[in-house]
Structure formats: structure tokens, C-alpha cells
Amino acid sequence: MTDSNFADRDGWIWQNGTLVPWRDAKVHVLTHTLHYGVGVFEGVRAYDTPRGPCIFRLQAHTDRLFNSAHILGLKIPYSKAEVNEAQREVFRANELTEGYLRPMVYLGSEAMGLRAQGLSVNLCVAAWPWPSYMDAEALERGISVRTSSYTRHHVNITMCKAKANGNYINSILALHEALDSGCDEALLLDNEGYVAEGTGENIFLVKKGVLHTPELTSCLDGITRDTIFHLASEMGLEIRERRITRDEVYISDEAFFTGTAAEVLPIRELDGRIIGAGERGPITQRFQETYFDQVRGQRKAFPEWHTPVSDAV
């Protein structure tokens, strides 16, 4: 692909069952999802491995896509197997060795209004090269975070378990606020003031060798989060899911974000308070190194997490 903007690139996008030239993958300006945000999506990564490019935890991402659609009352007109194959197909078509995949379910332009009736349910999948969320220095030194003035969605306000398009307005506002203040990311609290998650990441703390992470009440059930649970079990580390206060983050020994885009990202400071030694801690480093070994196929554990892009593998 070229380095031009996302509307003007060489390549292919899978759209409703067909590979379409990148520049021709379009929708009408009155597409319902554009106006009301009722759609769902996934963020998926594929990595170069000794077996060639493999999509990491493809089935888990597809399962969550279908769960999100079900929560919003959308019926995806394809099977999970077809959606899995669409992601493999578009990755091959774009001749990538590593990259990011974006499946999205969106409503058509047959009608407008909040009734959202008589609308087609559409699916597209795009793939493009996308390096790590932060640079190599941030992966080692850690990032600065500020607590957002915006509250994370409440479970009775929106459907927090759906990775829904409209939910991310909250994240964008929080992230812009953090960036404008000179920080790299934001931490959102729930409506009762407890730590929820980042703008697109789950959060973990380390205190006296024990991992702590918020309960999945108003947080998205992150697939990278789940991966950390599996790796922690291998390492013999305890994880406690519980309510966490902001000041607990200040006095933790280590803290890090996890997410498909962010991968494993150390947090250096929160609200101007240095966390631990003010850099990536030893447990965070261990998770980071193990995670990158895992996604790049350098470990024998969890082979089912790797779906080869090529049929020849």
C-alpha cells in the first residue's frame, strides 16, 4: 500500500462477500450507522511467524464481533467461518506479512430515524500495516496518563460488552483531553469513581507480586486481557479482579495497559505521580516479552491462537 490517506490507497477491502478495490469500497452518506453510531467492529492483529503470517486469536475476535452484534440486535448475514475466511482472504489480497484487520458491521441507507427498521446489515473487512501503538521508547520507558474528566459508560446507559461504534465517542473525548494536557493516554473511571479502563485498553496493576485488574462491569472484555490471564497462570502469578481506586494506581509497584492495538504498554505515571520506579517494571517486562514471543509464534504454548493466513501452511 501507499502512504497516502485511508481513502486513497492501493489494495483491497472485503465488502459484503466481495473483494473490492480499496478506493471503490464506499457507502452512501445517509448510511444509518454514520448518523446514529449503531454498528460494531473488531480490531485484530496478524503477525509474521515461523509459519508465515498468522492472525492472533482470530476466533476469539470473531466470537466477540458476533456477541456485540447480538447485543445491539444486529444479525450478521454471514457465518463465523465465513467472517474468519474473509479476514484471511483480505490479508492475503493485500500481500501483508504483519498488519491490522478491521471487520465492521454497519447498517445500510434504506431508511433514516431511530426506529432503525428495514435496514440491511452489512459487513466489511479492511487490512493494512499498522505498527505498535507507541514507539519503542514508550514500550520500555512507559507512558504518562491522566485521569479523565469524562466518566466511562455505565452498564445501564449503554451496552458496555458490545464493541459498538458509538461507544467510542467517550474514548475520543477522553484521549483528546489527555493529549491536550501533554499526556499520552487517559484513564477513565466508572460512575462510582472506580478505575475502569483506558480509552481503548484494559489496565493491570502490580502490587507485591500480585496482579490487580478491574472487574468486568463497565469494561470491555479484552482479548489481550484474557491472554494476560493465561500467561499469568503459566507464570504462577495471582490475578485479583476487583474494584480499584485511583490512588491505588498511584502507589502500585507497576501498571500497564493491554489491548490489541496497545499490546502490553507500561504506564510510567498517572496524574503526575510516578508509578514504581517510573519505568517499565520487571513483571511488566516479563509479560511484554512473553506476549510478543507468543504473538510472533516463538512459543509452543497455545498453538490454537494462531490462524495462518495462507492455505499452504
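Q: How many disulfides does a search of the whole structure find?
A: Zero. Keep in mind that this is a predicted model.

Q: What is a disulfide, again?
A: A disulfide is a covalent bond that joins the sulfur atoms of two cysteines.

Q: Cys-124, is that one buried or exposed?
A: Cys-124 is buried, at a relative accessible area of 15%.

Q: And Cys-183, buried or exposed?
A: Cys-183 is buried too, with a value of 16%. It counts as buried because the cut-off is under 20% relative accessible area.

Q: Changing topic. Where is Lys-26 found?
A: Lys-26 sits in the loop that runs between strand S2 (18-21) and helix H1 (32-36). Lys-26 is exposed, with 60% relative accessible area.

Q: What separation is there between the C-alpha atoms of Lys-26 and Gln-15?
A: They are 9.1 Å apart, and the two residues are eleven residues apart along the chain.

Q: You mentioned helix H1. Which residue of the nonpolar patch is found in H1 and counts as exposed at 61%?
A: Leu-34 is found in helix H1, and its relative accessibility of 61% makes it exposed.

Q: Which residues form that nonpolar patch on the surface?
A: The patch is formed by Val-29, Leu-30, Leu-34, Tyr-36, Met-112 and Leu-114. Together they have about 630 Å² of accessible area.

Q: What about charge? Which residues gather in a patch of negative charge?
A: Asp-135, Glu-137, Glu-140 and Glu-279 do, on the surface.

Q: Where is Glu-137 found?
A: Glu-137 belongs to helix H4, which covers residues 136-141.

Q: Is Glu-137 buried or exposed?
A: Exposed, with a relative accessible area of 52%. The cut-off for exposed is over 50%, so Glu-137 qualifies.

Q: Now backbone angles. What is phi of Glu-95?
A: Phi of Glu-95 is near 55 degrees, which is a positive value in a residue other than glycine.

Q: Where in the chain is Glu-95 found?
A: Glu-95 is in the loop between helix H3 (80-93) and strand S6 (99-107). Glu-95 is exposed, with 72% relative accessible area.

Q: And what about phi of Ala-116?
A: Ala-116 is not a glycine, yet its phi is positive, at about 50 degrees.

Q: Where does Ala-116 lie?
A: Ala-116 is in the loop between S6 and strand S7 (121-128).

Q: Why does Ala-116 count as partly exposed?
A: Its relative accessibility is 35%. That value is neither under 20% nor over 50%, so Ala-116 falls in between.

Notes. Residues are numbered from 1 along each chain as its sequence is written. This is a predicted model: local features need pLDDT of at least 70, side-chain atom pairs count only at pLDDT 80 or more; totals for chains, interfaces and linings use all residues. Side-chain values use heavy atoms; hydrogens and water are left out. A disulfide is a pair of cysteine sulfur atoms within 2.5 Å. Buried means under 20% relative accessible area, exposed over 50%, partly exposed in between (1.4 Å probe, protein chains only). Helices (H or I, at least four residues) and strands (E, at least two) are DSSP runs, numbered from the N terminus. Patches are made of residues with over 30% relative accessible area and no salt bridge: like charges are joined within 9 Å, nonpolar side chains (Val, Leu, Ile, Met, Phe, Trp, Tyr) within 5 Å. Accessible areas come from the Shrake-Rupley method with a 1.4 Å probe; for residues, only the protein chains shown count as cover. A salt bridge is a side-chain nitrogen of Lys or Arg within 4 Å of a carboxyl oxygen of Asp or Glu. Lys and Arg count as positive and Asp and Glu as negative; His and the chain ends are not counted. The place of a charge is taken as NZ of Lys, CZ of Arg, CG of Asp or CD of Glu.
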